[in-house]
Amino acid sequence: MRPGLLLLVIAAAFAGGAQELPFTHFAPSGQALPLPSASVQKIIQDDQGFIWMAFYSTGIARYDGRSMETYGTRDGLLDPTVREIVEDGAHRLWVATEAGLVVSEKPLVAYAPGERLRFVGSVGGVSLTRARMRRNCVVASPDGWLWVSTQDGILRYRFDGGRLRGEAVRASAPALAMLVRRDGTLLASRFNGEIVALADADKRLNAAGERLVARVESPATALSEGPDGTIWGGSVNGAVWMLENGIPRIVSHDLGERVVALRPTRDGRHVWAASLGTGAVRIDRKLAPDAVRQNLVVTRANGLLGETLWSILEDREGNLWFGQNGGASRLRKGYGAFF
């Protein structure tokens, strides 16, 4: 590097300029692939590799890497504002909207190439809830159950072949956020700060059908499990914490607003958290003893479309997707080279 250019780089660093990251943006104004809406509420990748996006006011869309296919109320959705999309163990797609829950008529793998999906709110006389759906409150477990928490309580559904089962779950309070661990344990956070297990791989639930796992100062609005089994949580006050022997330890308070999404990376190095208004933060996971944690806060200054985020996804290739007000942003694998 030429001496003059090196001095410019050093000067920029000391001036506090934020590093712009290699994002690819998807927005309503995009000329090549415009989105149907600016507010991307959820992003997931299904078992076939397709990327699904949920939108505020315009339903959902499936992205195959080249084109985007949109779905709305004409395809069976109960409302165009979608909060959650979940694929269950039978590869059916569940869509949670402001007006209730629907599910694909067939497993995703049963649709022929080019065939559009159709969603239904009732199967074989069993009707799905019409309650208003909330984010982080629809989760699928390895045993095939789909768990749903509404303001009225907790429900679960499962397909046995083509037959749908549905039942209410014994629980003393609805959940603020839920997580199914890899061993099948279902965790739910409550408005009073409790984290409880409602389905337990160790069968240690009490007579009320639950087990207290931890208690946090600020209620948890997002829960996730890392590759090593560590439970991570994000709270109403913006704190991100990890459970150590049932005790929550705060590892970041870089975000000043409610945490709505958590994503531990598959390599175990980082945990990403997204907030409603203060961007996202990347938390160092692997640290040597006594090392200083260097968290990376990502905002519009780093290239995001907005600082009100809703969802984070790590796809199979290791790219990170951020759903936000303004559209979706994909951060390519290997972005660390930009530092």
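**Reading sheets and ring contacts**

Guide: Strand 8 (residues 100-104) and strand 9 run antiparallel and are joined by 2 bridges. Val 103 has Val 120 as its bridge partner in strand 9. This is a predicted model: local features need pLDDT of at least 70, side-chain atom pairs count only at pLDDT 80 or more, and totals for chains, interfaces and linings use all residues. Residues are numbered from 1 along each chain as its sequence is written, and side-chain values use heavy atoms, with hydrogens and water left out.

Visitor: What makes two strands a pair?

Guide: Strands of a sheet pair through backbone hydrogen bonds, either parallel or antiparallel. Here, DSSP must find at least two bridges between the two strands. Strands are DSSP runs (E, at least two residues), numbered from the N terminus.

Visitor: In what order do strands 6, 7, 8 and 9 lie in their sheet?

Guide: The order is 6-7-8-9, in an open sheet with antiparallel pairing. Strand 6 (82-87) and strand 9 (119-120) each have a single partner strand, so one side of each is left without a neighbour in the sheet.

Visitor: Which strands stand at the edges of the sheet ordered 2-3-4-5?

Guide: That sheet is also open, with antiparallel pairing. Its edges are strand 2 (40-45) and strand 5 (68-71), each with one side left free because each has a single partner strand. From one strand to the next, the twist averages 20 degrees. Axes for such angles are lines fitted to C-alpha atoms, and angles run from 0 to 180 degrees between N-to-C directions. Strand 3 (residues 51-55) pairs with strand 4 (residues 60-63) over 4 bridges. Trp 52 has Arg 62 in strand 4 as its bridge partner.

Visitor: Where does the charged end of Arg 62 sit?

Guide: Over the ring of Phe 50, 4.6 Å from its centre. The rule asks for NZ of Lys or CZ of Arg within 6 Å of the ring centre and within 35 degrees of the ring normal. Lys 106 places its charged end over the ring of Tyr 111, at 4.5 Å from the centre.

Visitor: How do I read a pair of rings?

Guide: Use the distance of the centres and the angle of the planes. Rings of Phe, Tyr and Trp (its six-membered ring) pair if their centres lie within 6.5 Å; planes under 30 degrees apart are stacked, over 60 edge-to-face, the rest tilted. The count is 10 aromatic pairs. Tyr 63 and Trp 321 have ring centres 6.3 Å apart and planes at 65 degrees, so this pair is edge-to-face. Tyr 63 is in strand 4 and Trp 321 in strand 29 (residues 320-324), so the pair ties together parts 258 residues apart in sequence.

Visitor: Is Tyr 63 buried or exposed?

Guide: Buried, at 9% relative accessibility. Trp 321 is buried too, at 2%. Buried means under 20% relative accessible area, exposed over 50%, partly exposed in between (1.4 Å probe, protein chains only).
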